Amino acid sequence: MSINHSSSGRIRIGFHKATNSLDVQWYKPLAFGYLSSYFTTHSAIPAEFIQVPLIEDVDSIDILGISCTSQDYFTAIEAASKAKDLKPSIITVIGGHHITHLPQTMHNCFDIGVTGEGEVISDN
C-alpha cells in the first residue's frame with residue numbers, strides 16, 4: 001500500500017465520524033484532536049489533518065479515518081465504500097468502539113482496522 005501525497009509534501013489525513021440522525025452531535029469528536037496531536041508530536045512524517053463531514057470531499061485527502069459505534073457501523077461502511085468509489089487510491093481506516101469489540105466484522109471496504117486507543121497501535 002503506498003500513499004501518493006499532495007504536492008505540498010504532506011500526507012493529508014481526513015477524519016469522518018459516522019453518525020445517524022438519532023446520534024447526539026452537540027460537539028465535534030475528541031478523537032480527531034487526540035490523533036492529530038499524537039501524530040504531530042510523535043511522527044517525522046509531515047501531515048495535514050482535515051475534518052471531513054461530507055464524504056464527497058475526499059478528493060483532496062490521502063487517508064480517510066472513520067470512527068464509529070456499532071449503531072453506525074453500516075453508515076461507516078457506506079462512507080468508506082463511497083470514498084473508494086470517488087477516489088480509488090484513498091486508504092480507508094476504521095476505528096472506534098465497534099471494530100474494537102468486533103474486529104472479525106471488518107468489511108473489505110476498509111484497508112486498516114484500528115482496535116483500542118488509536119494513539120497506541122499494535123501489530124496484533
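User: How much area does the chain expose, and what share of it do carbon and sulfur atoms supply?
Analyst: This is a predicted model, in which local features need pLDDT of at least 70 and side-chain atom pairs count only at pLDDT 80 or more, whereas totals for chains, interfaces and linings use all residues. Residues are numbered from 1 along each chain as its sequence is written, and side-chain values use heavy atoms, with hydrogens and water left out. With accessible areas taken from the Shrake-Rupley method with a 1.4 Å probe, where for residues only the protein chains shown count as cover, the chain exposes about 7800 Å², and the share supplied by carbon and sulfur atoms is 56%.

User: What percentage of the 124 residues of the chain count as buried?
Analyst: A residue is called buried under 20% relative accessible area, exposed over 50% and partly exposed in between (1.4 Å probe, protein chains only). By that rule, the buried part of the 124 residues is 34%.

User: Which pattern does the chain follow when read along the sequence?
Analyst: Helices (H or I, at least four residues) and strands (E, at least two) are DSSP runs, numbered from the N terminus. The chain holds 3 helices and 5 strands. Read along the sequence, these give the pattern β-α-β-β-α-β-α-β.

User: In what order do the 5 strands form the open sheet, and why is one side of strand 2 and of strand 5 left without a neighbour?
Analyst: Two strands pair if DSSP finds at least two bridges between them, and here the pairing in the open sheet of 5 strands is parallel. Strand 2 (47–51) and strand 5 (112–114) stand at the edges and have a single partner strand each, so one side of each lacks a neighbour in the sheet. The order of the strands is 2-1-3-4-5.

User: How many residues of strand 1 are buried, and how many bridges join strand 1 to strand 3?
Analyst: Strand 1 (residues 11–17) runs parallel to strand 2 and is joined to it by 5 bridges, with glycine 14 having isoleucine 50 as its bridge partner and phenylalanine 15 standing opposite glutamine 51. Towards strand 3 (residues 63–67), which also runs parallel, histidine 16 stands opposite isoleucine 66. Strand 1 is mostly covered, with 6 of its 7 residues buried, and the bridges joining strand 1 to strand 3 number 5.

User: Which residues does serine 67 contact, leaving aside its neighbours within four places in sequence?
Analyst: Serine 67 has its place in strand 3 and counts as buried at 13% relative accessibility. Contact means heavy atoms within 4.5 Å. Apart from neighbours within four places in sequence, serine 67 is in contact with Phe15, His16, Lys17, Ala18, Gly95 and Gly96.

User: Which residues form one aromatic cluster?
Analyst: Rings of Phe, Tyr and Trp (its six-membered ring) pair if their centres lie within 6.5 Å, and planes under 30 degrees apart count as stacked, over 60 as edge-to-face and the rest as tilted. A search of the whole structure finds 2 aromatic pairs; tyrosine 73 and phenylalanine 74 form a tilted one, at 6.2 Å centre to centre and 55° between the planes. Tyrosine 73 is buried at 5% relative accessible area, whereas phenylalanine 74 is exposed at 63%. The cluster is formed by Tyr73, Phe74 and Phe110.

User: How many disulfides does the count come to?
Analyst: A disulfide is a pair of cysteine sulfur atoms within 2.5 Å. Cysteine 68 is buried, with a relative accessible area of 1%, and cysteine 109 is buried, with a relative accessible area of 6%. By the sulfur rule, the number of disulfides is 0.
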